[in-house]
Amino acid sequence: MRNFLYRLMMGRYGSDRLNKHLLVLSVILTLCNIFVQSVVIYILVYILLLYVLFRMLSKNINKRYQENQKYEQLIAPLLKRITLFKKSSQDKDHKYFICPNCKQIVRVPKGKGRIDIRCPRCATVFEKRT
């Protein structure tokens with residue numbers, strides 16, 4: 001059985017972040033459908049699962065890779081905000097900001113009042129309250 005699956009997936013795209021997020025979305029929609037009992041949600045879950053299966057078994061690796069790259073670019077600002085929130089909740093001595101020019105996360109000490117922050121990547125200066 002293991003050799004069969006290995007041969008089946010040979011030359012196929014497999015899984016990536018988009019597939020994983022679509023699977024999580026389908027699980028969430030399935031859980032919501034337990035309470036709502038909607039045919040539309042039921043059909044949407046199956047469409048999502050079929051699309052994930054299509055992407056995993058696709059032999060057009062370049063096309064699937066491009067789809068994943070577009071998705072990564074789409075969610076990059078959200079992931080940057082989540083990273084910023086995690087860092088600031090774990091580190092109580094520093095405050096974290098995102099550079100308005102290059103979107104680099106900049107760490108500054110807390111409790112210094114209004115300060116000018118210079119981004120180490122692009123040297124843009126912006127004023128924030130710590």
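Mentor: Before we look at single residues, one definition is needed: a residue is buried when its relative accessible area is under 20%, exposed when that area is over 50%, and partly exposed in between. Please also keep in mind that this is a predicted model.

Trainee: Why is E72 called partly exposed?

Mentor: E72 has a relative accessible area of 23%, and because partly exposed is the class between under 20% and over 50%, E72 is placed in that class.

Trainee: What makes E72 and R17 a salt bridge?

Mentor: The closest N and O atoms of E72 and R17 are 3.1 Å apart, and the cut-off for such a nitrogen and carboxyl oxygen is within 4 Å, so the pair qualifies. This bridge joins distant parts of the chain, with E72 in helix α4 (residues 61-90) and R17 in helix α2, 55 residues apart. R17, with a relative accessible area of 34%, is partly exposed.

Trainee: How many salt bridges are found in the whole structure, and which residues are linked in a network?

Mentor: The search of the whole structure gives five salt bridges, and the network of salt bridges links D16, R55, R64 and E67. In general, side chains of opposite charge can pair when their charged atoms come close.

Trainee: How do you know that D16 and R55 belong to distant parts of the chain?

Mentor: Their salt bridge has its closest N and O atoms 3.1 Å apart, and yet the two residues are 39 residues apart in the chain, D16 in the loop between α1 (2-9) and α2, and R55 in helix α3.

Trainee: Are D16 and R55 buried or exposed?

Mentor: D16 has 8% relative accessibility and therefore counts as buried, and R55, at 0% relative accessibility, also counts as buried, since buried means under 20%.

Trainee: What makes the pairing of R64 with E67 a salt bridge, and where do these two residues lie?

Mentor: The side chains of R64 and E67 meet at 3.0 Å, N to O, which satisfies the cut-off of within 4 Å. Both residues lie in helix α4, three residues apart, about one turn of the helix. As a general point, an α-helix has 3.6 residues a turn, so residues three or four places apart point the same way.

Trainee: Why is R64 called buried?

Mentor: R64 has a relative accessibility of 6%, so R64 counts as buried, the class being defined as under 20%. Leaving out residues up to four places away in sequence, R64 touches Y13, D16, F54, R55 and S58.

Trainee: What does N68 contact, and why is N68 called buried?

Mentor: N68 is found in helix α4, where, apart from its neighbours within four places in sequence, N68 is in contact with Y13, D16, R17, L18 and R55. Its relative accessibility is 8%, so N68 counts as buried.

Trainee: What makes α2 roughly antiparallel to α3?

Mentor: Helix α2 (residues 17-36) and helix α3 (residues 39-57) pack at an angle of about 160 degrees, with their axes 9 Å apart. That makes α2 roughly antiparallel to α3, because angles over 145 degrees count as roughly antiparallel. The crossing in which α2 passes α3 is left-handed. Residues making the contact include L18, L22, L29 and V36 of α2, and I41, L48, V52 and R55 of α3; by class, the contact has 15 nonpolar, four polar and one charged residues.

Trainee: How do you know that α1 is hardly covered?

Mentor: The count of buried residues among the eight residues of α1 is zero. Just after α1, G11 takes a positive phi of about 80 degrees.

Trainee: What makes the phi of K103 and of A123 worth a remark?

Mentor: In general, most residues other than glycine have a negative phi. K103, a residue other than glycine, has a positive phi near 65 degrees, and A123, which is not a glycine, has a positive phi of about 65 degrees. K103 is found in the loop between β1 (94-98) and β2 (105-109), while A123 has its place in the loop between β3 (114-118) and β4 (125-129).

Trainee: Why are K103 and A123 called partly exposed?

Mentor: K103 has a relative accessibility of 44% and A123 has a relative accessible area of 42%; partly exposed is the class between under 20% and over 50%, so K103 counts as partly exposed, and A123 is partly exposed too.

Methods: Residues numbered from 1 in each chain as written. Predicted model: local features only at pLDDT ≥ 70, side-chain atom pairs only at ≥ 80, totals over all residues. Heavy atoms only, no water. Axes fitted to C-alpha atoms, helices over the stretch in contact; angles between N-to-C directions. Helix = DSSP H or I, 4+ residues; strand = E, 2+ residues; numbered from the N terminus. Parallel < 35°, antiparallel > 145°, perpendicular 65-115°, else oblique. Left-handed = near helix turned anticlockwise from the far one by under 90°. Contact = heavy atoms within 4.5 Å. Nonpolar A, V, L, I, M, F, W, Y, C, P; charged D, E, K, R; others polar. Buried < 20%, exposed > 50% of the residue type's maximum accessible area, 1.4 Å probe, protein only.
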